[in-house]
Amino acid sequence: MLSAAPADAFNHGNALYQQGDYLGAADAYHSALQAGPSYDALYNLGNAQFKSNQIGRAIASYQRARYLRPRDADLAANLAFARAYRVDKVPATTGPVELLLDRAFHLLSGREAMLLAAACFVLTALLLSLLIVFRRRALLYLATPLFLLFAYGALTAGVWHAYVKSRPAVIIVPEVSALSGPGEDYKQILLAHDGSEALVREARGDWLLVQLPGGAGGWVRQEAVEMVFP
Amino acid sequence: MSRVLRPALLVALLPALAAAGGIDFTASVDQTTVGLGGQFTLTLAVTGDDLTAAPRPELPELQDIDLLGQSSSRSTHISVINGQMRKQATFSFTYVLSAKKLGPHTIPPCKLTYGGGEHRTQPIGITVVKSAPGRGAAPGQPVPGRAATDPAVPVDGNLFLTASADRRTVRVGEQVTLHYTLFNRLRIGNIGMAEQPAYGGFWSEKIYDADKASFSRRTVDGKEYDALLVKKVALFPMSTGELTVKPMALNVSVVRPPRDFFDMFGTAQEVRIESKPLAVTVLPLPEPKPEDFRGGVGNFTISSSLDRTLSENGEPFTLTVRISGTGNVRLVEKPVLPPIPGLRVLDPEVREDIRAAGDAIKGTKSFRYPMIPQADGRYLVPSVTMSFYEPGSKSYRTVSTAPIGCTAAGCGQAQPSPLADVSGLKVLGTDITTIKPDRTALPVERSVPCGILAALYVSALGLIGGSFLLRFHRTRLASDRGFARLARSAGLAKKRLRAAESLLAKRRYADFHAALTQAVLGYTGDRYDLDTRAMTKDQLRDALIGRNLPGDAVTEIVAILDQCEYARFAPGLLTDTDPRALLKRVKAVLHRV
């Protein structure tokens, strides 16, 4: 499968998925992804992992797909569906304003936001240049919305960048004990289950300090966690 | 521990006194009666004072005996006799042989060429019989291993390591208990592990490892030995066929018998002894296997429990299924849970508590299944069954758990949706949205190159900067007359010179010179913001010198203006009449200005 074209591997994965061989399908989608990130392959990989009871890995795949195409309703539904299957229930702490802002700044993907910001900046600069030279008020009226679009694109790109830099990760083992330090001898402070999303705050050797929603966290072994953006 | 050293039973030591050179060259075999096809060793020893090297002896042609392998070693013995130190070295060449014909055989003399002389050993006679005495032990009986032989240490028959199994024919997954026992009739010291046995095809569980030398008396073939149980291990075959346990090896420090009065305490020498490989025949489990057979072979019980029977806020239940008993409990796979409508069952977490109890392996393997309620209601976790093979009754047995009831509340899905109320539709379940369809090409979504983005931003900023410069330039042009004349001077001069060239081409010399005059006066006026048309030549000269124009350039400008004037108004007075040369001079002087 490694030598097959990405589309062939993807289609092979679809065939295996239809036959119920979800683990085989996941392998095929992984092969398709070796050529580079592809939204469809990541989405289908998430489905195959979910069907193989790998809730955490499925959530990680859906998160990667969301980074590429955040407006896909199917993806949003599947991510929410997979999250509902987690053992650890996350209390909803986001208010309506926060939710609205979150949606607003995740309408575009990071790539789209960067391109929009760059294009709007160039156009704004062009209009400003004409305004400086020719002093026409109409140019100002045209440049203002373009500048606002640039600001939106830049903020959205910044939000995605901050998300990637926050090192999101997902627990991928049925149950893991988070310890108070990077070693087996430390005290167990909480139990996390497959699919729990966390942020990696620090890494020491084979141990990662993860912070779960709500602020609680602890040290877990690296193999218990999959980084969304390795 | 202490024990009188005894001569070896099977070793025949036949020394051959060296004729010359101060060395002893001897040959010996570890047994004079050998089994057909069995292995025995021939050792050729070269001993001499201050011997630093010895050539390899020549082995004679052996009739009906195969050479399987050979090795060599060196040992040194130091003794003091009458105040004189004697350092004696022995080079031993060991050959592993196998006889392939019954009856008496003779190993002819071996030859050694050393120090210009030739040394030979005595011939050795051996007898090959159908089966070697003491070999091929029955199941449950110890199988003596092979020991590295040193002619000075009577190891053979006095010190050996056995590997014995409680059974030689088992089924897949059935326990075989292996004992490694050291039998000894010598004075021995330290015992160390040289090589752990390899259990290819078996899953092994340690039962006992000797941590101190605790000997007991045992009788083997009518001889009494000190026996030490070195290791006991439980093996569980994982595949069918003839599986072989590779030998275990020990290093034993043996005290050699004294050679003379000054060697009254003997000398300790380390000897490596090995157990023999042990073959176990593994049969497959009887067919047909029950559907819920999970690989267990032994005697097991199964039980289950829930961590809670009421989930108030949709918290998951944890169902723990425990499989306990004797046998290959570590190899038992997870039981299959029947589907429970409304409960999502996740993969279990597995915990093991397994230990040796006597010769058996006992323990519990727990499977903890998280079960997430999907809707409020009462659920029944059905009975979980598992079958295993019981070697005692040679049949499969099935055990099962009791069903457990539980209740979930607060899952938020207890009430049917309004859509179901109005339209009568009944929502049977939900699932993830299906996969994306096949593609002819899979587009890769690469990130935007940062270099291109940076170039775009820098270009845009440069555009704004350029527009500011342009704006400033235009403002100055409008407000600063001198700057405006300076800015356009070069363009105007070029235009005028082109006009002059055109007139020259048409041979309109008067107009040509007028155009040159205009070009020179116009350019100098524009460059220095002078009203040159209203100036006399002297005023022009003074004004240009006053603006730091070099004197020769000023003189050239005035000369050009004079020449143009003569050409236009008094051509007869003109000495230099070449208009092209004049045009060149004009271009040169304007360039300097």
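The expected span of a helix is taken as 1.5 Å times one less than its number of residues, a rule that will be needed at two stops of this tour through a predicted model.

**Start with the two chains**

Colour the model by chain and begin with chain A, whose secondary structure comes to 8 helices and 7 strands. Of its 230 residues, 48% count as buried, and among the contacts in chain A between residues at least 6 apart in sequence, 57% join residues at least 24 apart. Then turn to chain B, where there are 7 helices and 32 strands. Chain B has 593 residues, of which 41% count as buried, and 68% of its contacts between residues at least 6 apart in sequence join residues at least 24 apart.

**Select a helix of chain A**

Select residues 110-134 of chain A, which make up helix α7 of that chain. For its 25 residues the rule of 1.5 Å a residue gives a span of 36 Å, and because the end C-alpha atoms are 36 Å apart, the model agrees with that expectation. Step one place beyond this helix and you reach Arg135(A), which follows α7(A) and has a positive phi, near 55°.

**Move to the interface**

Now show the residues at which the chains meet: 44 residues of chain B are in contact with 53 residues of chain A. The area buried between chain B and chain A is about 4,300 Å², and carbon and sulfur atoms give 61% of it. Across this interface there are 19 residue pairs in polar contact, counting pairs with both residues at pLDDT 80 or more. To see which elements of chain B supply the side that touches chain A, select β26 (343-345), β27 (349-357), β28 (360-373) and α2 (450-479), each of which gives at least two residues. Among the contributors to that side, α2(B) gives the most, with 12 residues. By residue class, the side of chain B that touches chain A divides into 23 nonpolar, 8 polar and 13 charged residues.

Side chains of opposite charge can pair when their charged atoms come close. Across the interface of chain B and chain A, 6 salt bridges are found, while the structure holds 42 over all chains. One to display is the salt bridge of Arg69(A) with Glu445(B), in which the closest N and O atoms are 3.1 Å apart. Another salt bridge is formed by the side chains of Glu175(A) and Arg351(B), at 3.5 Å from N to O. Glu175(A) lies in strand β2 (residues 175-179) of chain A and Arg351(B) in strand β27 of chain B, so this pair joins two chains. Arg351(B) has a relative accessibility of 42% and therefore counts as partly exposed.

**Follow the charges within chain B**

Hide chain A and select Lys587(B) together with Glu501(B), which form a salt bridge with their closest N and O atoms 2.7 Å apart. This pair links distant parts of the chain, since Lys587(B) is in helix α7 (residues 579-592) of chain B and Glu501(B) in helix α3 (residues 481-505) of chain B, 86 residues apart. Lys587(B), at 38% relative accessibility, counts as partly exposed, and Glu501(B), at 32%, is likewise partly exposed. Salt bridges that share partners also join Glu58(B), Lys111(B), Glu118(B) and Arg120(B) into one network.

**Look at a helix and its cover**

Next select helix α6 (residues 551-569) of chain B, whose 19 residues should span 27 Å at 1.5 Å a residue; because its end C-alpha atoms are 27 Å apart, the expected span is met. Show as sticks its buried residues, among them Ala553(B), Val554(B), Ile557(B), Val558(B), Ile560(B) and Leu561(B). An α-helix has 3.6 residues a turn, so residues three or four places apart point the same way. For what covers the buried residues of α6(B), add α4 (509-528), α5 (537-546) and α7 of chain B, which are included in that cover.

**Finish at Ile191(B)**

Finally, centre on Ile191(B), found in strand β15 (residues 188-195) of chain B. Its relative accessibility is 32%, so Ile191(B) counts as partly exposed. Leaving aside residues up to four places away in sequence, Ile191(B) touches Leu182(B), Phe215(B), Leu228(B), Leu250(B), Asn251(B) and Val252(B). Draw a distance from Ile191(B) to Asn251(B), and you will find them 5.8 Å apart, C-alpha to C-alpha, with their positions 60 residues apart in sequence.

Conventions
Residues numbered from 1 in each chain as written. Chains lettered and ligands numbered in written order. Predicted model: local features only at pLDDT ≥ 70, side-chain atom pairs only at ≥ 80, totals over all residues. Heavy atoms only, no water. Contact = heavy atoms within 4.5 Å. Buried area = accessible area lost by both parts, 1.4 Å probe. Salt bridge = Lys/Arg side-chain N within 4 Å of Asp/Glu carboxyl O. Polar contact = N/O pair within 3.5 Å; in protein donor to acceptor, adjacent residues only side chain to side chain. Helix = DSSP H or I, 4+ residues; strand = E, 2+ residues; numbered from the N terminus. Nonpolar A, V, L, I, M, F, W, Y, C, P; charged D, E, K, R; others polar. Buried < 20%, exposed > 50% of the residue type's maximum accessible area, 1.4 Å probe, protein only.
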